[in-house]
Amino acid sequence: MASSACIRLRRIAFAGVILLQLLFVVRAYWAPHKEFGFQMFPEASSWQAEIVRVTADGARVPVDQPWFGYEWNGLVPERGLASPWNRHHADAGLDNQIAFLGEALDWVAANTPLDTETRYYEATVTTWFNMQGPTTRTLWSPNRNQR
Amino acid sequence: MIERFDRFLAQPVSTRSLAIVRLLVGPITVVHLQPFVAGALRGDTYQDHFHHAYVRWYPELPETGYAFLMVIGALAAVAMAVGLWSQLTTKVTFAVVAYNLLLSTTHMHNNRAYLVIVLGLLAMAPCGRAFSVDAWLRARRRLGPLDLTAPAWPLWLLRFECATVYGASGVSKLLDRDWLSGTVTWGRVVEQEAAVRASLLPGPIADLALERSFHAAAAKLIIATELFIASGLWWRRTRPFALLAAVGFHVMIQFTADVEIFSYLGLAVLFVWADPAVPWLRLRRWRSPAATDPGPGGPGSSIVRV
């Protein structure tokens, strides 16, 4: 026979797991990364981005060219973010893809110490939500000089 | 009410179906960890490219430590599969896979999240009492067989999670107008028209697959299938049909999409519904009333049809 503490713990663990799972499922309707939400193949959306490095002198240099020994595809190979200048399917939905792209810009800005030229990164993102006409938005990394 | 709930959680059930899941999930975990292990051993880890921590304080290891941890995880998964030191190796496997998943938002995929849940529940359950090296060693040392029953709650949680995966997916599609109308599936196929035309599909079938009206019906069928699996698993009469639908569903997904380990994991976890549906997994009688925990006021008698 289990002790009363053990029985109570079992009760809490059982109800807790179920409640937590249901919360994650509901949260996935607005959270960009949808962890434990199990929304599979959510969209037929696609996206494409022109990403440039904006340098101190105001030049806008596309990141499809290597810079200071860095390459975009080497820095950001995952989550469908490689070769963003080509049109890609948004595997886990546009919100998810845009969130990842924004985080990737921030990461690249913070993890390219050999680059002494770039002030910030700018991505002009074109999206096609479920086969509908294109929409454009712009994302920026933080200004590297202010780090 | 609470007492009935406690009795339900403590009801002794066969652990054989959990043992089968353990046996299958072990190699699936190895397949999941393989790219992480291979990358880490050649000095290429998540730290070398874009990653994004969930929380700043999450502990990170140096690259050598990370590589070591991934190898430990893979070895633990192998040991878990064969049922060697099951109590320990299921927990280690779960800890390593969960740690790795939560290291970065870029590591998160539905199939990996499902794997962590399954491993977590296996770690809570005595899933190494059957079909295991532990049981074999015990028999060899003439220590007497392990009790093959255990409280039902981890099995029910695994069943809940199994149904939730299909249910959450089906409901999200049902609530999405574009999914329900077939726009999403049609869009995906149209995007890959060249590949569809170049595939082994006969011309008329390829034409049909690219036809929008076909997707208006197919999308509803997909949603209905997911929702049927999620609900049909709970009733004994519909369970065999739901299991059959789930098998067909996973086979179809495996051949049409890149879903990493999802199909294998989905099929493996279906075994949690096997007892008593599969006769050879069934325990005819609970043999050792004293060795299990029937819960407060629970029956110390026969069981197992859950």
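**Entry 1: α12 and α13 of chain B**

I note that α12(B) and α13(B) are oblique to each other, because the axes of α12(B) (residues 212-232) and α13(B) (residues 239-256) cross at roughly 135° and the class of an angle is roughly parallel under 35 degrees, roughly antiparallel over 145, roughly perpendicular from 65 to 115 and oblique for the rest. This is a predicted model, in which I take local features only at pLDDT of at least 70 and side-chain atom pairs only at pLDDT 80 or more, while totals for chains, interfaces and linings use all residues. I number residues from 1 along each chain as its sequence is written, and I letter chains from A and number ligands from 1 in the order in which they are written.

The two axes come within 8 Å; axes are lines fitted to C-alpha atoms, for helices over the stretch in contact, with angles from 0 to 180 degrees between N-to-C directions. The elements I cite are DSSP runs numbered from the N terminus: helices (H or I) of at least four residues and strands (E) of at least two. I recorded the crossing of α12(B) and α13(B) as left-handed, a term for a near helix turned anticlockwise from the far one by less than a right angle, right-handed being clockwise.

I then listed the residues in contact (C-beta atoms, placed from the backbone, within 7 Å). From α12(B) they are Thr225(B), Phe228(B), Ile229(B) and Gly232(B), and from α13(B) they include Phe241(B), Ala245(B) and Phe249(B). By class I have seven nonpolar, two polar and one charged, where Ala, Val, Leu, Ile, Met, Phe, Trp, Tyr, Cys and Pro count as nonpolar, Asp, Glu, Lys and Arg as charged, and the others, Gly among them, as polar.

**Entry 2: α7 and α12 of chain B**

I followed α12(B) to a second partner, α7(B) (residues 153-174), and found the axes 8 Å apart at an angle of about 145°. This crossing is left-handed. On the α7(B) side the contact includes Ala163(B), Tyr166(B), Gly167(B) and Gly170(B), and on the α12(B) side Ile223(B), Leu227(B) and Ile229(B) are among the residues. I count seven nonpolar, three polar and two charged residues there. Ile229(B) appears in the contact with α13(B) and in the contact with α7(B).

**Entry 3: α4 and α5 of chain B**

I found the axes of α4(B) (residues 86-101) and α5(B) (residues 110-124) within 9 Å, crossing at roughly 150°. I therefore class the pair as roughly antiparallel. The crossing is left-handed. Phe94(B), Val97(B) and Leu101(B) are among the residues of α4(B) that meet α5(B), where the partners include Leu115(B), Val116(B) and Leu119(B). The contact divides into 10 nonpolar, three polar and two charged residues.

**Entry 4: α1 of chain B and its start**

I looked up which residues of α1(B) (residues 2-10) are buried, and they are Asp6(B), Leu9(B) and Ala10(B). For burial I require 20 or more other C-beta atoms within 10 Å of a residue's own, with exposed at 12 or fewer and partly exposed in between, C-beta atoms being placed from the backbone. Down the axis of α1(B) these residues fall within an arc of 90°, so they line one face of the helix; the arc is that of the directions from the helix axis to the C-beta atoms. They pack against α1 of chain A, and also against β2 (149-151) and α7 of chain B.

Ahead of α1(B) stands Met1(B), which counts as exposed with 5 C-beta neighbours inside 10 Å. From Met1(B) to Leu148(B) I read 28 Å, C-alpha to C-alpha, for a sequence separation of 147 residues.

**Entry 5: chain B overall and the interface**

In chain B I count 15 helices and two strands. Of its 306 residues, 44% are buried. Of its contacts with a separation of 6 or more, 74% join residues 24 or more positions apart.

Between the chains, chain A gives 31 residues and chain B 30 to the contact. On the chain A side, α1 (4-27) and α3 (94-110) each supply at least two residues, and α1(A) has the largest share, eight residues. This side consists of 18 nonpolar, six polar and seven charged residues.

**Entry 6: positive phi in chain A**

I noted two residues other than glycine with positive phi: Lys34(A), near 50°, and Asn130(A), near 45°. Lys34(A) sits in the loop between α1 and β1 (46-55) of chain A and counts as buried with 24 C-beta neighbours inside 10 Å. Asn130(A) is in the loop between β4 (118-128) and β5 (134-140) of chain A, and I class Asn130(A) as buried with 21 C-beta neighbours inside 10 Å.

Methods:
Contact = placed C-beta atoms within 7 Å.
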